[in-house]
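Hi,

Here's the model I promised to send over. Have a look at it first, and my notes follow underneath.

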Amino acid sequence: MQRQHLSSDQVEMIVRLEQRGECQVEIVDLIGTSQSVISRVLPRFRETGLVIRRLGSGSNRKTTPRQDRLIIIKTRRTPFATARHIQKDLQDATGLWYLIKQ
């Protein structure tokens with residue numbers, strides 16, 4: 001089952017129902033979502049006072065799409081090249097220096 005985000009109207013309704021004194025089980029029945037979703041929304045509202053969804057907090061990219069293409073081209077041309085060799089070629093092509101963790 002794929003996860004779907006709550007709409008801002010649904011989140012506002014959850015907050016209003018909780019402020020009226022409804023328990024999470026009753027809110028689940030009214031909204032039609034799981035209790036774990038309700039239990040994640042309410043503390044966020046209590047902490048921030050906002051009902052909007054937070055932006056994704058994934059890691060920042062380490063390489064650009066152009067650098068990714070260069071890496072893919074290099075690995076296809078020389079399939080047995082080491083990571084250090086590919087790194088050096090990338091540095092020569094872009095003029096940027098990267099560290100490979102060991």
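A quick word on terms: a helix here is a DSSP run (H or I) of at least four residues, a strand is a run (E) of at least two, and both are numbered from the N terminus. Also, please keep in mind that this is a predicted model.

By that count, the chain has five helices and zero strands, so to speak α-α-α-α-α when you read along the sequence. Of its 102 residues, 18% count as buried. The chain exposes about 8600 Å², with carbon and sulfur atoms supplying 54% of that area. As for contacts between residues at least 6 apart in sequence, 39% of them join residues at least 24 apart.

I spent most of my time on H1. This helix covers residues 8-19, twelve in total, and reaches 16 Å from its first C-alpha to its last, close to the 16 Å expected at 1.5 Å a residue.

Which residues of H1 are buried? They are Val11, Ile14, Val15 and Leu17. Looking down the axis of H1, these buried residues fall within an arc of 165°, so they line one face of the helix. The general background is handy here: an α-helix has 3.6 residues a turn, so residues three or four places apart point the same way.

What do the buried residues of H1 pack against? Their partners are helix H2 (24-31) and helix H3 (35-48). Over on the other side of H1, Asp9 and Gln19 are exposed.

One last detail: just after H1, glycine 21 takes a positive phi of about 105°.

Cheers

Conventions:
Residues numbered from 1 in each chain as written. Predicted model: local features only at pLDDT ≥ 70, side-chain atom pairs only at ≥ 80, totals over all residues. Heavy atoms only, no water. Expected span 1.5 Å × (residues − 1). Buried < 20%, exposed > 50% of the residue type's maximum accessible area, 1.4 Å probe, protein only. Arc of directions from axis to C-beta. Contact = heavy atoms within 4.5 Å. Areas by Shrake-Rupley, 256 points an atom, 1.4 Å probe, with all protein chains shown as cover.
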